[in-house]
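Please take a moment to look over the sequence and the model before reading on. The paragraphs that follow begin with the ligand and then move outward through the chain.

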Amino acid sequence: MSAGLTFEVFTLFPAAIESFLAGGLIGKALTQELVAVHCTDYRDFTHDRHRTVDDTPYGGGAGMVIKIEPVVAALEAVTEERGPMHRILVTPSAPRFDQRAAERLAKLPRIGLLCGRYEGIDDRVRESYVDECLSIGDFVLNGGEVAALTIIEAVARLREGVLGNPDSVVGESFTLADHGPWLEHPHYTRPVAYRGHEVPKVLMSGDHRAIGQWRAEEACRRTWALRPDLRPRQSVGERLACVAILPGQAQDVLGDLLRCLRQKTDLPLAVICKRGAVEGAELVELRARDLKELRRRVRRSRQQAPQVVALVDGRSGPGCVDEPSLLLDLLEIRAGEEGGRPLVLLVSLGEELPQGVDAVFAPLSSSPLQEGLELAQSAQMIESSQPKTATGVATLVAAAIRRLRHPQSP
Ligand code: SAM
């Protein structure tokens with residue numbers, strides 16, 4: 001039987017690869033022939049008495065460089081003997097290997113991993129003899145063997161049959177789940193209390209819905225706290241347009257909210273309302289009887305381009321825009337005029353959730369969680385707290401605007 005996935009490792013240290021692979025689940029997968037790993041030593045493709053694989057760098061400088069001839073000879077010999085492969089050079093000067101790359105590589109039948117040593121391999125190998133280059137992180141190792149093993153393990157465990165329980169890979173950190181490539185929720189096992197450290201009670205409740213919600217919430221919190229870089233990015237220009245949709249009941253606090261927002265962001269503010277009055281005298285107000293008029297007014301207001309727009313969503317009375325889809329129309333207008341899609345913040349979850357929202361402020365502990373998570377596929381963030389006051393909402397909205405405009409900031 002031939003293995004479903006074969007790795008061909010090119011190295012100066014085959015023993016380092018072979019000894020690591022002897023144990024654990026990968027070792028078992030090798031025995032069961034689910035995966036195969038062949039190692040090829042560059043030295044076997046040299047022709048001098050000393051089996052020389054390296055030479056001094058052109059242009060001078062410290063260190064030695066692995067020569068092109070033994071590397072290409074090794075590649076060609078293995079290709080001829082066992083067939084073609086997807087060739088990967090492991091090197092720090094490359095895009096980062098991650099879970100997406102592992103998932104992509106796990107679909108291939110044969111993968112070649114070329115390990116460097118010293119200053120690396122003659123760059124003509126990168127230029128002409130490999131399909132891609134991968135780095136396992138922003139640090140420098142002495143050789144490519146650990147990088148190759150990292151790739152082998154991350155890729156092989158995604159192949160069917162390699163892990164005892166196939167569900168183990170579902171929902172793991174960095175796996176693209178419904179809500180994005182987040183970190184996984186925490187895990188606990190017996191005893192229930194250890195030196196006063198207790199397991200969260202919900203996990204012992206037997207209520208699978210509550211457990212699911214708790215896990216999703218924890219995954220979200222962890223990701224946001226520990227890996228803010230995993231938040232979906234969006235290039236937001238200086239002429240950012242934000243639309244905050246407020247639920248009907250937030251109408252009462254709209255005036256306060258806008259006043260607070262104004263203090264907290266440096267962006268000009270405007271209110272767009274279909275009809276009726278909105279408190280907040282200092283603000284630019286665009287009022288319109290219907291969508292057509294609203295569009296016209298938005299266009300006309302380009303000179304003073306309202307960049308933060310509070311769109312009152314509500315089925316609850318005058319002064320509100322009834323249709324969430326109106327929001328999308330507005331977005332289209334502004335996208336067309338300003339050459340970029342505006343940012344949409346949804347404050348609280350209404351019964352009907354408009355699509356295309358970038359940020360959601362949702363009470364994660366309440367029932368709309370699921371919708372919130374679904375929405376988060378296209379959303380930038382979910383806040384775990386539901387602000388109670390206009391100042392609370394304004395603080396969150398202002399913080400979100402800051403984060404979205406400067407994704408690297410904490
Ligand atoms: N001079 C190289 C540089 O500064 O980019 C570093 C060479 S390193 C000492 C020797 C070999 O280790 C590389 O050719 C590569 O195969 C491997 N290596 C080192 N760090 C790596 C990383 N972060 N990812 C993948 N391979 C790495």
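A residue is counted as near a molecule if one of its heavy atoms lies within 4 Å of it. There are 20 residues around the ligand in this predicted model, and among these Val90, Gly116, Gly137, Phe139 and Leu141 come nearest. By character, the shell around the ligand divides into nine nonpolar residues, nine polar ones and two charged ones.

Some of the surroundings of the ligand can be described atom by atom. A backbone N or O atom of Gly137 lies 3.0 Å from a nitrogen atom of the ligand, and a polar backbone atom of Thr91 is 3.4 Å from a ligand nitrogen atom. An oxygen atom of the ligand, in turn, is 3.5 Å from a polar backbone atom of Gly143. On its own the ligand has 580 Å² of accessible area, and the protein covers 83% of that area.

Two of the residues just named also lead to Ser135, which lies in the loop between strand S7 (132-134) and helix H6 (145-156). The side chain of Ser135 reaches the backbone oxygen of Gly137 at 3.0 Å, and, with neighbours within four places in sequence left aside, Ser135 is in contact with Thr91, Pro92, Ala94, Pro95, Arg96 and Phe97. Ser135 counts as buried because its relative accessibility is 3%, under the cut-off of 20%.

Turning to the chain as a whole, the protein has 410 residues, of which buried residues make up 48%, and it contains 12 helices and 16 strands. Among contacts with a separation of 6 or more, 68% are accounted for by residues 24 or more positions apart. The accessible surface of the protein chain comes to about 21300 Å², and 51% of this belongs to carbon and sulfur atoms.

Ala16, in helix H1 (residues 14-21), offers an example of residues separated in sequence. Although Ala16 and Val146 are 130 residues apart in sequence, their C-alpha atoms are 8.6 Å apart in space. Ala16 is in contact with Glu145 and Leu149, leaving aside its neighbours within four places, and it is partly exposed, with a relative accessible area of 37%.

What does a search of the whole structure find in the way of disulfides? A disulfide is a covalent bond between the sulfur atoms of two cysteines, and the search finds zero of them. For Cys115 the reason is distance, because the closest cysteine sulfur, in Cys39, is 8.3 Å from its own sulfur and so too far for a bond. Cys115 counts as buried at 1% relative accessibility, and Cys133 also counts as buried, at 12%.

A few details of the backbone remain. Most residues other than glycine have a negative phi, and most peptide bonds are trans. Arg51, in the loop between strand S2 (35-41) and strand S3 (54-55), has a positive phi of about 50 degrees although it is not a glycine, and this residue is partly exposed at 35% relative accessibility. Arg195 likewise has a positive phi, near 45 degrees; Arg195 sits in the loop between S8 and strand S9 (197-198) and is exposed, with a relative accessible area of 72%. Finally, a cis peptide bond with omega of about 5 degrees joins Arg190 and Pro191, and Pro191 is found in the loop between H6 and strand S8 (193-194).

Terms used: Residues are numbered from 1 along each chain as its sequence is written. This is a predicted model: local features need pLDDT of at least 70, side-chain atom pairs count only at pLDDT 80 or more; totals for chains, interfaces and linings use all residues. Side-chain values use heavy atoms; hydrogens and water are left out. Helices (H or I, at least four residues) and strands (E, at least two) are DSSP runs, numbered from the N terminus. Buried means under 20% relative accessible area, exposed over 50%, partly exposed in between (1.4 Å probe, protein chains only). Contact means heavy atoms within 4.5 Å. A disulfide is a pair of cysteine sulfur atoms within 2.5 Å. A polar contact is a pair of N or O atoms within 3.5 Å; within protein, one must be able to donate a hydrogen and the other to accept it, and residues adjacent in sequence count only if both atoms are side-chain atoms. Accessible areas come from the Shrake-Rupley method with a 1.4 Å probe; for residues, only the protein chains shown count as cover. Ala, Val, Leu, Ile, Met, Phe, Trp, Tyr, Cys and Pro count as nonpolar, Asp, Glu, Lys and Arg as charged, and the others, Gly among them, as polar.
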